[in-house]
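Student: Could we go through this model together, asking at each step what a label rests on? I would like to see the values set against their definitions.

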Amino acid sequence: MFDNRKIEDFKGVWVFCEQRQGVLQNTALELISEGRKLADELGVELCGLLLGDNVDGLAKEIGGHGADKVLVCNSPLLAKYTTDAYAKVIVDVIKDKKPEIFLIGATNIGRDLGPRLAARLGTGLTADCTKLEIGYSRTDNEHKIILQTRPAFGGHLMATIICPRFRPQMSTVRPGVMKKSAFDQAKADAVVVEKPAFELSEADIKTNVVEIVKAAKELVNLSEAGVIVSVGRGISSDVEKGLALAKELADELGGVVGASRAAVDSGWIAADHQVGQTGQTVRPQLYVALGISGAIQHKAGMQDSECIVAINKNDSAAIFEVADYGICGDLFKVVPMLIEEVKAAKAAK
């Protein structure tokens with residue numbers, strides 16, 4: 001019998017390993033890497049949960065990033081994502097195996113799936129977490145729990161949320177927040193693959209996916225970019241020139257153009273370029289902020305970049321608090337000089 005209040009019956013850290021058309025999503029491997037740390041601290045097994053049709057070949061990739069075991073659920077009815085099918089299978093497997101922690105990527109699919117699972121399992125769900133760690137609640141020093149941190153009140157403070165009374169403890173984590181570990185072939189070879197029993201029929205599915213149509217436009221992939229040059233409200237005096245300078249600098253550095261929410265809301269650049277709490281979380285090797293004030297919502301999405309260069313004519317701008325290098329000056333004068341220096345350095349090689 002499934003009783004989500006008998007917390008002693010639940011053990012192990014699970015990660016929903018999202019795949020689309022037979023390709024693992026990067027966020028799944030990020031969560032496997034983070035789940036490895038949590039599982040080690042708890043002294044429990046890390047398990048990846050993989051759903052699809054003939055997706056067994058992805059198990060070793062999951063193992064190579066840290067999973068001890070991969071539960072593979074294959075069915076033609078799982079080839080295309082539907083809330084009904086995925087929710088039924090996952091709920092049935094969770095009720096049978098009883099993991100104490102279940103992590104889901106906050107992708108379009110994860111944000112649809114997570115609340116449905118939590119409701120059916122009668123447990124809590126903390127959405128859009130930016131930090132996960134193991135600790136104790138103030139009232140229970142016997143059972144370790146997961147401390148789930150996420151921005152609250154429009155990003156003006158960080159809230160740590162716990163689920164002490166029910167299991168599993170569930171979190172969704174935004175893509176790009178956690179760092180993916182390097183692939184280890186020895187771990188891939190050692191991973192255990194298990195195929196749990198489940199029942200799924202067409203009668204369980206209330207929707208029918210007729211066709212999947214991919215957008216024809218090219219979207220910028222900020223989460224995997226090594227260099228990002230972002231623009232903010234500081235380009236308002238000449239938006240076209242500001243964007244052109246950002247694009248030229250990004251091209252010279254081999255990167256892409258990002259933006260603050262202010263730039264996106266003003267209609268200067270498309271939403272897929274947005275960095276921050278309501279955009280994408282990034283951790284490139286180099287992040288250049290042009291005319292960005294540094295609101296907490298923006299900093300939450302880029303402060304883990306390896307090197308941050310900020311250019312702003314306001315010497316008290318909050319962006320300088322997280323910058324490794326700060327230049328107080330007019331970006332329209334500074335950026336052209338930077339571009340020339342980059343070109344000169346490349347030519348000297």
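Tutor: Gladly. Helices and strands here are DSSP runs, with at least four residues for a helix and at least two for a strand. Counted that way in this predicted model, the chain has 9 helices and 17 strands.

Student: What makes the radius of gyration of the chain agree with a compact globule?

Tutor: The rule is 2.2 Å times the number of residues to the power 0.38. For 349 residues a compact globule would come out near 20 Å, and the chain has 22 Å, so the two agree. Along the principal axes, the C-alpha trace spans about 70 × 50 × 40 Å.

Student: How much of the chain is buried, and how much area does the chain expose?

Tutor: Buried residues account for 50% of the 349. The exposed area is about 16900 Å², and 49% of that comes from carbon and sulfur atoms. As for contacts between residues at least 6 apart in sequence, 65% of them join residues at least 24 apart.

Student: Why is T83 called buried?

Tutor: Buried means under 20% relative accessible area. T83 has 15%, so T83 counts as buried. This residue belongs to helix α3, which covers residues 83-97. Setting aside neighbours within four places in sequence, T83 is in contact with D112 and R116; contact here means heavy atoms within 4.5 Å.

Student: And why does K98 get its label, buried or exposed?

Tutor: K98 has a relative accessibility of 16%, which is under the 20% cut-off, so K98 is buried as well. K98 sits in the loop between α3 and β6 (101-105).

Student: What is notable about the phi of K98?

Tutor: The phi of K98 is near 60 degrees, which is positive, and K98 is not a glycine. Most residues other than glycine have a negative phi. D128 also has a positive phi, about 55 degrees, without being a glycine. D128 lies in strand β7, residues 125-129.

Student: How do you know that the peptide bond from R167 to P168 is cis or trans?

Tutor: Omega settles it: the value for the bond from R167 to P168 is near 0 degrees, and the bond is cis. Most peptide bonds are trans. P168 is placed in the loop between β10 (157-161) and β11 (169-173).

Student: Why is Q297 called partly exposed?

Tutor: Partly exposed is the range between the 20% and 50% cut-offs. Q297 has a relative accessible area of 25%, so Q297 falls in that range. The residue is in helix α8. Between Q297 and K6 there are 38 Å in space, C-alpha to C-alpha, and 291 residues in sequence.

Student: Which residues lie nearest the centre of the second largest pocket?

Tutor: Those are G232, R233, G291, I292 and S293, out of 26 lining residues. The volume of this pocket is about 470 Å³.

Student: What makes a residue of that lining count as polar, and how many of each class are there?

Tutor: Polar takes in whatever is neither nonpolar nor charged, Gly among them. The lining has 15 polar, 6 nonpolar and 5 charged residues.

Student: Which helix gives the most to that lining?

Tutor: That is α7, with 3 residues. At least two residues each come from α7 (261-265), α8 (296-302) and α9 (331-348).

How values were computed:
Residues are numbered from 1 along each chain as its sequence is written. This is a predicted model: local features need pLDDT of at least 70, side-chain atom pairs count only at pLDDT 80 or more; totals for chains, interfaces and linings use all residues. Side-chain values use heavy atoms; hydrogens and water are left out. On a 1 Å grid over the protein atoms alone, a cavity is a set of points where a 1.4 Å probe fits but cannot get out, and a pocket is an open set with protein on both sides within 12 Å along at least five of seven lines; lining residues have an atom within 4 Å of a point. Grid points are joined across faces, edges and corners, and a volume is the space filled by probe spheres set on the points. Buried means under 20% relative accessible area, exposed over 50%, partly exposed in between (1.4 Å probe, protein chains only). Accessible areas come from the Shrake-Rupley method with a 1.4 Å probe; for residues, only the protein chains shown count as cover.
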